[in-house]
Amino acid sequence: MKTIPTDSIEFIGSEIIVDAELLAAFFDVSVSFLRQAMAAGRITTLVERGEGEDFGRTRITFRYSEQQVSLMRETNGQLHETEPPAPDVRAVKPSLMHLIEAG
């Protein structure tokens with residue numbers, strides 16, 4: 001399980017802001033390409049907020065082409081990679097995530 005720096009994803013109310021360099025690295029694309037793909041709706045996201053025993057946890061899944069990556073935010077704020085849901089389990093809409101500006 002790969003740990004992710006906690007400042008790579010910001011949670012502000014219902015808004016989630018993702019580090020563009022981190023996400024681009026997961027998909028092995030440039031930040032510029034990532035931004036274009038998100039704007040075109042080719043990168044999709046799924047945000048799942050835990051209930052019951054998982055209350056307080058959030059799993060964010062990013063999908064691009066046949067690739068997908070999921071990150072889990074634990075109740076203590078730690079971030080790590082986690083197993084993504086099956087691609088056909090849930091409908092996913094184009095990404096509504098905001099990207100943290102590099103620099």
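Are F27 and Y64 buried or exposed? Select the two residues in this predicted model: both F27 and Y64 are buried.

**Stop 1: the first ring pair**

Show the side chains of F27 and Y64. Their ring centres lie 5.9 Å apart and the planes meet at 65°, so this pair is edge-to-face; the cut-off for that class is over 60 degrees. Now colour by secondary structure. F27 belongs to helix α1, residues 20-27, and Y64 to strand β5, residues 58-64. The contact therefore ties together parts of the chain that are 37 residues apart in sequence.

**Stop 2: the second ring pair**

Keep Y64 selected and add F33. Here too the ring centres are 5.9 Å apart, with the planes at 80°, so F33 and Y64 also form an edge-to-face pair. F33 sits in helix α2, residues 31-39, while Y64 is in β5, so this pair ties together parts 31 residues apart in sequence.

Switch on the surface. Y64 has a relative accessible area of 16% and is therefore buried, because the limit for that label is under 20%. F33 has 28%, so it counts as partly exposed.

With F27, F33 and Y64 displayed, the structure's two aromatic pairs are in view. Ring pairs link these residues into a cluster.

**Stop 3: a charge over a ring**

Clear the selection and pick F11 and R73. R73 lies over the face of F11, at 4.1 Å from the ring centre.

**Stop 4: the nonpolar core**

Next, select I9, L23, L34 and F62. The largest nonpolar core has 19 residues, and these four touch the most other members. To see where the core comes from, show β3 (15-19), α1, α2, β5 and β6 (67-73), each of which supplies at least two of its residues. Which element gives the most to this core? Helix α1 does, with five residues.

**Stop 5: the β2-β3 hairpin**

Keep I9 from the previous stop and display the backbone of β2, residues 9-12, together with β3. The two strands run antiparallel and are joined by four bridges. What is the bridge partner of I9 in β3? Select V18 to find that partner. I9 thus appears twice on this tour: among the core residues that touch the most other members, and in a bridge with V18.

Finish at the turn. The hairpin of β2 and β3 has two residues between the strands, and G13 takes a positive phi near 60° there.

Definitions and conventions: Residues numbered from 1 in each chain as written. Predicted model: local features only at pLDDT ≥ 70, side-chain atom pairs only at ≥ 80, totals over all residues. Heavy atoms only, no water. Phe/Tyr/Trp six-rings, centres within 6.5 Å; stacked < 30°, edge-to-face > 60°. Buried < 20%, exposed > 50% of the residue type's maximum accessible area, 1.4 Å probe, protein only. Lys NZ or Arg CZ within 6 Å of the ring centre and 35° of its normal. Core = buried A, V, L, I, M, F, W, Y, C linked by side-chain atoms within 4.5 Å. Pairing = 2+ DSSP bridges.
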